[in-house]
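Good morning, and thank you for making time for this item. I should like to take you through one structure, moving from single residues to the chain as a whole.

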Amino acid sequence: MNQQRLILSSPLLEIVISRLAQQLIENHQDFADTVILGMQPRGIYFAERVGRELNRTLGFTVPLGYLDATFYRDDFRRRDSPLQPNATHVPFIIEDKRVILVDDVLATGRMVRAALDAMTAFGRPRKVELLVLIDRRYNRDLPIKPDYTGKRVNTLESQRVLVEWTEQGADADRIWLVG
């Protein structure tokens, strides 16, 4: 039987996004040399939410782009069917910038490793920080740890985290633990 447990929804989700934006402001202040990269496919929705909150609070637009790491994945050539890439949209140079890499769920760390490789096509950042909505603890294959975390969730290997965004057609924003 497939069980679902709600782990985050509105209005708590908005509070989490506001808290994360405040932490970013505390550490990046004027965002002079800082850019945000949302990881395709689902991290872009979270990155847009964080970006909107930052823009609202700061009164100016923080540069935001989308990064697809499909061709940098370590399982890219190991699948029976080819992976479909998503759009990469990085309208700025990341050379010597502080990059905030944003994803919705951190599990094994392999997607973050792929994104780090994909970023090199746009320059060498001064520093990279990782911001995730959900940190699935105890599932890491690589030694990758988020700098900013919305919520930590203890999960079994058989479980997964399902993120539903209204931008993707869901009737409400909800994050579920499934399995």
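A115 sits in helix α3, which covers residues 110-119, in a model that is predicted. With a relative accessible area of 1%, A115 falls under the 20% cut-off and is therefore buried. Leaving aside residues up to four places away in sequence, A115 touches M39, L67, A69 and L101. A further pairing concerns R73: 42 residues separate A115 and R73 along the chain, and their C-alpha atoms are 8.3 Å apart.

From the helix I turn to strand β2, where T34 is found. Is T34 buried or exposed? T34 has 2% relative accessibility, so it counts as buried. Its side chain makes a polar contact of 3.1 Å with the side chain of R98. R98 also appears among the residues that T34 touches beyond four places in sequence, together with H28, V62, P63 and I100.

Next comes the loop that follows this strand. Q40 lies between β2, residues 34-39, and α2, residues 43-58. Although Q40 is in a loop, its relative accessibility is 8%, and so Q40 counts as buried. Which residues does Q40 touch, not counting those up to four places away in sequence? The list comprises Y66, L67, D68, N86, A87 and M111. For A87 there is a polar detail to add: a polar atom of the Q40 side chain lies 2.8 Å from the backbone oxygen of A87. Please note as well that L67 is touched by Q40 and by A115.

Q40 brings us to the backbone geometry. As a reminder, most peptide bonds are trans, and most residues other than glycine have a negative phi. The bond joining Q40 and P41 is cis, with omega at about 0°. P41, too, is placed in the loop between β2 and α2. A cis peptide bond also leads from S10 to P11, with omega near 0°. P11 belongs to the loop between β1, residues 4-9, and α1, residues 12-28.

There are also positive phi values to report. Where is Q29 placed? Q29 is in the loop between α1 and β2, and its phi is near 45°, although Q29 is not a glycine. Q29 has a relative accessible area of 57%, which means that Q29 is exposed. D96 likewise has a positive phi without being a glycine, here of about 60°. The loop that holds D96 runs between β3, residues 64-67, and β4, residues 98-106. At 44% relative accessibility, D96 counts as partly exposed.

One more loop residue deserves attention before the overview. Q168 lies between β7, residues 160-164, and β8, residues 174-178. Its relative accessible area of 41% makes Q168 partly exposed. How far apart are Q168 and Y45 in sequence and in space? They are 123 residues apart in sequence, and 8.6 Å apart from C-alpha to C-alpha. Y45 is one of the residues that Q168 touches outside its sequence neighbourhood of four places, with R42 and V163 completing the list.

Let me now place these residues in the chain. The protein chain contains three helices and eight strands. Read along the sequence, their order is β-α-β-α-β-β-α-β-β-β-β.

Why can the chain be described as agreeing with a compact globule? A compact globule of 179 residues would have a radius of gyration near 16 Å, and the protein chain has 16 Å, so the two agree. Along the principal axes, the C-alpha atoms fill a box of roughly 50 × 40 × 30 Å.

Contacts across the sequence can also be summarised. Among contacts with a separation of 6 or more, 69% are between residues 24 or more positions apart. As for burial, 46% of the 179 residues count as buried, and the accessible surface amounts to about 9,700 Å². Carbon and sulfur atoms account for 48% of that surface.

Finally, the charges. The protein chain carries 25 positive and 24 negative side chains. The centres of these two sets lie 4 Å apart.

To close, I return to Q40. This residue is buried at 8% relative accessibility, joins P41 through a cis peptide bond, and has a side-chain polar atom 2.8 Å from the backbone oxygen of A87. Thank you for your attention.

Methods
Residues are numbered from 1 along each chain as its sequence is written. This is a predicted model: local features need pLDDT of at least 70, side-chain atom pairs count only at pLDDT 80 or more; totals for chains, interfaces and linings use all residues. Side-chain values use heavy atoms; hydrogens and water are left out. Helices (H or I, at least four residues) and strands (E, at least two) are DSSP runs, numbered from the N terminus. The radius of gyration is taken over C-alpha atoms; the globule rule is 2.2 Å times the number of residues to the power 0.38. Buried means under 20% relative accessible area, exposed over 50%, partly exposed in between (1.4 Å probe, protein chains only). Contact means heavy atoms within 4.5 Å. Accessible areas come from the Shrake-Rupley method with a 1.4 Å probe; for residues, only the protein chains shown count as cover. Lys and Arg count as positive and Asp and Glu as negative; His and the chain ends are not counted. The place of a charge is taken as NZ of Lys, CZ of Arg, CG of Asp or CD of Glu. A polar contact is a pair of N or O atoms within 3.5 Å; within protein, one must be able to donate a hydrogen and the other to accept it, and residues adjacent in sequence count only if both atoms are side-chain atoms.
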